[in-house]
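Visitor: I am new to this structure and would love a close look at one part of its inside. Please pick a place to begin, and then show me how the surroundings fit together.

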Amino acid sequence: MLLGLAAAVVVLAGVSLAREVIGPLALAAVIVIICSPLRRPFDRLGWPSWVSTSLVVALSWAVLLVLAGMLAFATAEFTQLVIAYAPDLRATADSLFEFFTSLGLSEQITDGITSILTPSQIVGYATSLGSSILGILTALFFIFAYAIFMAADAGRFARAGRSFGPSAGARVRRFANFNSNVRRYYVVNAAFGLLVAVVDGLALWALGVPAPLVWAILSFVTNFVPNIGFVLGLIPPAILALVVGGPSLMIAVIVLYSVANVLLQVLIQPKFVSDAVSLSLTLSFVSVLFWTFIIGPLGAILAIPLTLLVRALVLERDPGMSWLRWLSGDNSATEASTPRPQ
């Protein structure tokens with residue numbers, strides 16, 4: 001066990017050092033897995049393999065371009081908002097400084113809290129986000145190439161069961177189950193993310209918070225971050241509501257997000273996600289922190305697929321690890337380990 005843990009540390013350190021390559025590679029793999037079912041009806045009709053492969057590649061590229069366009073639009077609009085409301089941000093920061101000082105807080109704590117609302121700090125956040133988006137857009141070239149190669153190989157992998165026969169049945173089923181879990185996870189998250197984005201966007205528009213479309217896009221994207229995505233999507237519109245409408249509008253935004261998002265993302269969605277991928281809520285939360293630490297911000301969105309991949313490679317191949325599979329949330333592990341009556 002100690003040797004295994006030491007080897008895992010070495011492997012993860014290598015993955016972290018190669019995050020600029022592995023992150024886009026994992027993203028491309030996930031998108032191809034999601035789009036792969038598009039080839040099935042054409043394969044059943046006997047169409048040439050290159051036709052179905054081209055369709056999978058085209059759909060994968062379309063998904064990437066839509067996501068990149070949404071993020072680029074939201075980043076540009078956010079930067080414009082910061083520039084437009086710079087005087088109000090400064091006035092709000094000064095008001096908060098006076099308020100916290102009146103409460104007797106130390107000057108260091110007060111400066112730390114109010115510095116968050118300074119225009120230069122927020123522009124710095126926006127610039128940093130913009131640089132990250134630029135890096136993602138630059139990596140799109142490699143992701144597009146990965147998608148072509150993976151889509152071409154996916155057709156060959158689909159014939160693995162026929163090529164190797166019954167001896168490879170267990171391994172083929174294991175990875176087919178992994179692919180199915182990944183697709184179900186993102187379908188569930190996309191459905192709930194779209195619903196949350198519509199609810200949040202309409203509510204912010206009704207409250208008069210500027211740029212509701214930007215915050216709706218943010219809600220949709222952060223919905224793919226398990227457990228803490230709700231908080232990440234709430235902070236920017238809440239701060240803007242404080243600037244343009246004072247504490248009452250900020251409280252209204254927080255209450256509205258809490259009612260709508262907690263109901264959908266915290267109470268309802270985890271049940272569907274848990275049923276879709278068979279991961280415990282604790283492991284889902286820890287995986288976000290872990291994979292973000294290993295491969296950066298992209299790890300938050302890819303946390304669940306990467307965790308499922310590790311489980312498929314390490315735990316599901318060894319029947320003696322069924323108890324660890326059960327701890328991870330896979331209830332089928334108990335069924336597989338229960339001896340059948342003679």
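Guide: Let's begin with a small detail: a polar atom in the side chain of Asn-189 lies 2.9 Å from the backbone oxygen of Tyr-185. Asn-189 belongs to helix 9. With a relative accessibility of 2%, Asn-189 counts as buried, because the cut-off for that word is under 20%. Please keep in mind throughout that this is a predicted model. The mean pLDDT of the chain is 75, and 72% of its residues reach 70 or more. Among the elements, the highest mean pLDDT, 87, belongs to helix 1 (residues 2-17), while helix 6 (residues 107-114) has the lowest, 54.

Now step back for the wider setting. The chain has 16 helices and zero strands. Of its 342 residues, 39% count as buried. Contacts that reach far along the sequence play a big part in the count: among those with a separation of 6 or more, 71% join residues 24 or more positions apart. On the outside, the accessible surface comes to about 18,800 Å², and carbon and sulfur atoms make up 73% of that.

Inside, the place to look is the largest nonpolar core, which has 55 residues. Val-209 and Trp-215 are the residues with the most contacts within this core. Helix 9 (169-207), where we started, is one of the elements that give two or more residues to the core. The others are helix 2 (19-35), helix 4 (49-84), helix 7 (119-157), helix 10 (212-222), helix 11 (229-277), helix 12 (281-295) and helix 14 (303-315). Helix 11 contributes the most, with nine residues. As a general background, nonpolar side chains in soluble globular proteins tend to be buried together.

Follow the chain onward from helix 9 and you come to a loop that leads to helix 10; Ala-211 sits in that loop. Ala-211 has a positive phi of about 55 degrees, although it is not a glycine. At 22% relative accessibility, Ala-211 counts as partly exposed, because the buried label needs a value under 20%.

Then comes helix 10 itself. Eight of its 11 residues are buried, so this helix is largely enclosed by the rest of the structure. Those buried residues are Val-214, Trp-215, Ala-216, Ile-217, Ser-219, Phe-220, Val-221 and Thr-222. Trp-215 deserves a pause. Not counting residues up to four places away in sequence, Trp-215 touches Phe-78, Leu-81, Leu-204, Val-209, Pro-210, Pro-236, Pro-237, Leu-240 and Tyr-257. Val-209, the other residue named for its many contacts in the core, is thus among the partners of Trp-215.

Helix 14 is our next stop, and here we can check a length. At 1.5 Å a residue, its 13 residues should span 18 Å, and the end C-alpha atoms are 17 Å apart, which agrees. Many of its residues are hidden: Ala-303, Ile-304, Pro-305, Leu-306, Thr-307, Leu-308, Arg-311, Ala-312 and Leu-315 are buried. Pick out Arg-311 from that group. Its relative accessible area is 4%, which is why it counts as buried. Leaving aside neighbours within four places in sequence, Arg-311 is in contact with Asn-181, Val-277, Ser-278, Leu-279, Glu-316, Arg-325, Ser-328, Gly-329 and Asp-330.

To finish, let's visit some exposed residues where distant parts of the sequence meet. Leu-17 lies in helix 1, and at 77% relative accessibility it counts as exposed. The C-alpha atom of Leu-17 is 8.5 Å from that of Ile-294, although the two residues are 277 apart along the chain. Phe-293, in helix 12, is exposed as well, with a relative accessible area of 65%. Its C-alpha atom is separated by 8.1 Å from that of Ser-16, 277 residues away along the chain. Beyond its neighbours within four places in sequence, Phe-293 is in contact with Ser-16 and Arg-19. Glu-20, in helix 2, is exposed at 65% relative accessibility. Glu-20 and Ile-295 are 7.9 Å apart from C-alpha to C-alpha, with their positions 275 residues apart in sequence.

How values were computed
Residues are numbered from 1 along each chain as its sequence is written. This is a predicted model: local features need pLDDT of at least 70, side-chain atom pairs count only at pLDDT 80 or more; totals for chains, interfaces and linings use all residues. Side-chain values use heavy atoms; hydrogens and water are left out. Helices (H or I, at least four residues) and strands (E, at least two) are DSSP runs, numbered from the N terminus. Buried means under 20% relative accessible area, exposed over 50%, partly exposed in between (1.4 Å probe, protein chains only). Contact means heavy atoms within 4.5 Å. Accessible areas come from the Shrake-Rupley method with a 1.4 Å probe; for residues, only the protein chains shown count as cover. A nonpolar core is a set of buried Ala, Val, Leu, Ile, Met, Phe, Trp, Tyr and Cys residues joined through side-chain atoms within 4.5 Å. The expected span of a helix is 1.5 Å times one less than its number of residues. pLDDT is the predictor's confidence in each residue, from 0 to 100. A polar contact is a pair of N or O atoms within 3.5 Å; within protein, one must be able to donate a hydrogen and the other to accept it, and residues adjacent in sequence count only if both atoms are side-chain atoms.
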